[in-house]
Every structure is written in structure tokens, then in C-alpha cells.
Amino acid sequence: MIGKCLCEAVQFTINTVPNLYQCHCSQCRRQSGTFSNAATLVHRDDFLWLSGEDKLTKFKLKDGFTSHFCSICGSPVPNPLRDTDKVWIPAGALPGEIDSKVVVHIYTGSKAAWENEITGGKQYDEMPDFETLYKLLHEIK
Ligand SMILES: [Zn+2]
Ligand SMILES: [Zn+2]
């Protein structure tokens, strides 16, 4: 499955498209410009850059929160997840027709007052342990 940024300079491919999660924390709100991030996680062996790796701007907060984006159009793009062997994939970079749904909501306790009620999928006030999250994303659809 090919994903790309808005200007299409940055393109990547993933072998499988797992389920998706949404994070409602304040950092993801700022980073995404909306009420949550929608994303998934794949093993790095299932991920490949096709173009635009030299167009990435890499930003990291002191606490480790990372945002990589296309230097031309500003779209969020994949980045390696902290000290794991996983890669974070922004769902919006993938085609809208993918056969995946949001199955987990995290940091629902931090959601913006202006967000409507959260429905569908499992909900966690904060972050479940990483193995739990990864398992939910990779359960059979
Ligand atoms: Zn771009
Ligand atoms: Zn978040």
C-alpha cells in the first residue's frame, strides 16, 4: 500500500495495513491540527521509503514526542517510534479506501472540550501498555 504527503514528494509503502488508532492527547492535537491523530504502527521490515526521504524535517520534543513532516507541504509523514523496531504511520497519508478501521482510542481523558463523543473501538484514558496497543492494531480484521 502506497502512502504519500500532500505534495506527493514524500512517498512510502507498507506491506500490510493494520487497524488504526486515534490519540486524543494535546500534543497530537497540535501536531495534527485537529482533535486527534489517526495512525497505525508497522514493523520496520514492513516499511519502505519510495521517495522524498531527503525532504523530511524532523522535530522532537524533550519528552520524546516526535513529529516528522514534509519540508515542502508540511504533511505529517512516517517516523520510527522512539526506541522500538516499529514505524508510526499517519493514517491520512494512506488512500481513503483502505480496509482498516479505528479500533483503539488513547488518551481519551485529555480530549478537547470541543470534540464530540468518542464512539467505536476500545477507549483508554491514557496510554495502554505498548504490547496491548500493538496487539489490538494487528488483530485480524
Ligand atoms: Zn509534501
Ligand atoms: Zn497523542
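Which residue of β11 does V104 stand opposite? In this predicted model, the partner of V104 is K122. Here are a few notes to go with that pairing.

1. **The sheet as a whole.** Six strands make up an open sheet, and their order is β8-β9-β4-β3-β10-β11. The pairing within this sheet is mixed. At the edges sit β8 (79-80) and β11 (122-123), each of which pairs on one side only.

2. **The β11 edge.** β10 and β11 run parallel and are joined by two bridges. This is where you will find V104 opposite K122.

3. **β3 and its two neighbours.** With β10, β3 pairs in the parallel sense over four bridges, and here Q22 stands opposite H105. With β4, the sense is antiparallel, over three bridges; C23 of β3 stands opposite N37 there.

4. **The two faces of β3.** It is worth looking at the side chains here too: L20 and Q22 point one way from β3, while Y21 and C23 point the other way. All four are buried.

5. **The nonpolar core.** The largest nonpolar core has 24 residues, and those touching the most other members are Y21, L41, V77, I89 and I106. Two or more residues come from each of β2 (11-14), β3 (20-23), β4 (37-43), β7 (66-70), β9 (86-90) and β10 (102-106).

6. **A closer look at V77.** V77 is one of the core residues named above. Leaving aside residues up to four places away in sequence, V77 touches C5, V10, L56, H68, F69, C70, P90 and A93.

Notes
Residues numbered from 1 in each chain as written. Chains lettered and ligands numbered in written order. Predicted model: local features only at pLDDT ≥ 70, side-chain atom pairs only at ≥ 80, totals over all residues. Core = buried A, V, L, I, M, F, W, Y, C linked by C-beta atoms within 7 Å. Buried ≥ 20, exposed ≤ 12 C-beta atoms within 10 Å, placed from the backbone. Contact = placed C-beta atoms within 7 Å. Pairing = 2+ DSSP bridges.
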